[in-house]
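I opened the model and went through it element by element. These are my notes, in the order I took them.

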Amino acid sequence: MTSPTPDALLGPADVRELAAALGVRPTKQRGQNFVIDANTVRRIVRTAGVRPDDVVVEVGPGLGSLTLALLEAADRVTAVEIDDVLAAALPATVAARMPERADRFALVHSDAMRVTGLPGPAPTALVANLPYNVAVPVLLHMLETFPSIERSLVMVQAEVADRLAAPPGSKVYGVPSVKANWYARVKRSGAIGRSVFWPAPNVDSGLVSLVRRDEPPKTTATRREVFAVVDAAFAQRRKTLRAALAGWAGSAAAAEAALVAAGVSPQARGESLTVEEFARIAEHKQSTEPEPSEEPVA
C-alpha cells in the first residue's frame, strides 16, 4: 500500500477554503458540523479499529475530513452523502489529496435511510460522524440493511451516545438502547470536544462502538414484532408494563397474560428489561389479527 502524503488530511484552513469554494454554509437542518482537526479523525479511525482489509461505509462524509483518514487505513471506503453540492465535490477532493487511493473510494449520492445496496464488496465496518437529528434511525437502518457490518463506530451527540450505550435500569435506557442491542454489543468509546468542529456545535459529542452479535437474540418472534413491544413499552415509560402494553396486546389483561407467560412482572417498567425479555414478551402475544409476514429469527 502506498503511503499517503503527510498533508493529505484536511485542517481548519483547508475545510474553510473548500467550503468557500463550493459556496457551502453548514446547515442546522442537516445537522452539518464539519470536523476540522486531523488528529481527531485519526483518533476516530484508531478507535474504530479499522484494518487494512476493511471495507468501510461512511454516512454523511461532508467535505471529506474523516473520509481521507479512513482511506489511509482501510482497503476501501464508500461514502453516502445526501447533499448535492457535497456529493459532487467529494470525489475530486479525494483524487486531489489522496490520488494513490482514489480508486479505492466510491460515492453514493443518496439519503442514507433509502440506501438498500452499495457498490463493490460488502461493507465490514461503519464509521461515521452522524447528523444529530437522524443519528439513531440511520444507524439502525444501516445495521439492519447490511448484516455484513461487523463493527461500527459512530460519533453522535453525547446525549444520544449515552442512550445508545445505556444498560437496563439506567434513567436514559430506552428505545435506542434496546434496538441497538438487538444487533450489537454497545459501549461508549470516548468524548469529542466542540472545538474540533466548524461551526462549533452547542452540544458535546461522544463516540459509540458497536460490535455485531454473532446472531440476534434467539426467539420465535420477528424483529418487527419485538420492536413493536419496545416501542409500546417506552411510549408511556412511567407506566407499568401492564398498562403501557395494553394497546399493543389489545387490553391490560392480555398484556398481563403475555408478561406472566414471558416471566416478566406486570408491575415492571420497560427501562428494567433486556432485549431478550422484550423478545419473550413478543412471543406470548395472543394473536387477534394476522401479523405482517416476516421470517422468524432463528
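Where is Gln286 found? I located Gln286 in the segment after α12, the helix that spans 275–283. The model is a predicted one, and I read every value below as computed from it.

**Entry: Gln286.** I checked the accessible area of Gln286 and got a relative value of 56%, so I put the residue down as exposed. I then took a C-alpha distance from Gln286 to Ala249, which is 37 residues away along the chain, and got 7.3 Å. I also tried Ile44: Gln286 and Ile44 are 242 residues apart in sequence, and their C-alpha atoms lie 46 Å apart in space.

**Entry: helix α12.** I listed the buried residues of α12 as Val275, Phe278, Ala279, Ile281 and Ala282. Looking down the axis of α12, I found these buried residues within an arc of 160°, so they line one face of the helix. I asked what this face packs against, and found α7 (175–183), α8 (223–235), α10 and α11.

**Entry: helix α11.** I went next to α11, residues 252–261, where Ala255, Ala258 and Leu259 are buried. Their arc around the axis is only 100°, which puts them on the same side of α11. The cover over the buried residues of α11 includes α9 (241–244), α10 (246–249) and α12. Just after α11 I noted Gly263, which takes a positive phi of about 80°.

**Entry: the sheet.** I traced an open sheet of seven strands and wrote its order as β4-β3-β2-β5-β6-β9-β7, with mixed pairing. Which strands stand at the edges? I found β4 (105–109) and β7 (184–192) there, each with a single partner strand, so one side of each has no neighbour in the sheet. I noted that neighbouring strands of this sheet are turned by 20° against each other on average, with direction ignored.

I looked at two of the pairings in detail. β7 and β9 (residues 205–212) run antiparallel and are joined by seven bridges. In this pairing I found Lys187 opposite Ser209 of β9. β5 (residues 125–129) and β6 run parallel, with five bridges joining them. Here I found Val127 opposite Leu153 of β6. I also checked burial along β6, residues 151–157, and found seven of its seven residues buried.

**Entry: Leu210.** Is Leu210 in strand β9 buried or exposed? I got a relative accessible area of 1% for Leu210, so it is buried. I listed the contacts of Leu210, leaving aside neighbours within four places in sequence; among them are Leu139, Leu143, Glu150, Arg151, Ser152 and Val154. Ala180, Ala184, Arg185 and Val186 are also on the list for Leu210. I took one C-alpha distance as well: Leu210 and Arg188, 22 residues apart along the chain, are separated by 9.0 Å.

**Entry: Ile44.** I found Ile44 in helix α2, residues 38–48. Its relative accessible area is 3%, so I recorded Ile44 as buried. What does Ile44 contact, leaving aside its neighbours within four places in sequence? I found Leu66, Val127, Leu153, Met155 and Leu207. I had already met Val127 and Leu153 as residues that stand opposite each other.

**Entry: His141.** I found His141 in helix α5, residues 135–145. The relative accessible area of His141 is 16%, and with the cut-off for buried at under 20% I entered this residue as buried. Beyond neighbours within four places in sequence, I found His141 in contact with Ala112, Met113, Arg114 and Val115.

**Entry: cavities.** How many cavities of 30 Å³ or more does the structure hold? I found one. The largest cavity has about 30 Å³ of space. I listed its lining as Val55, Val56, Val57, Thr78, Leu118, Pro119, Pro121 and Pro123. Strand β2, residues 55–59, gives the most to this lining, with three residues. I had placed β2 between β3 and β5 in the order of the sheet.

Technical notes
Residues numbered from 1 in each chain as written. Predicted model: local features only at pLDDT ≥ 70, side-chain atom pairs only at ≥ 80, totals over all residues. Heavy atoms only, no water. Pairing = 2+ DSSP bridges. Helix = DSSP H or I, 4+ residues; strand = E, 2+ residues; numbered from the N terminus. Axes fitted to C-alpha atoms, helices over the stretch in contact; angles between N-to-C directions. Buried < 20%, exposed > 50% of the residue type's maximum accessible area, 1.4 Å probe, protein only. Arc of directions from axis to C-beta. Contact = heavy atoms within 4.5 Å. 1 Å grid on protein atoms, 1.4 Å probe; cavity = no way out; pocket = protein on both sides within 12 Å on 5 of 7 lines; lining within 4 Å. Points joined across faces, edges and corners; volume = space filled by probe spheres on them.
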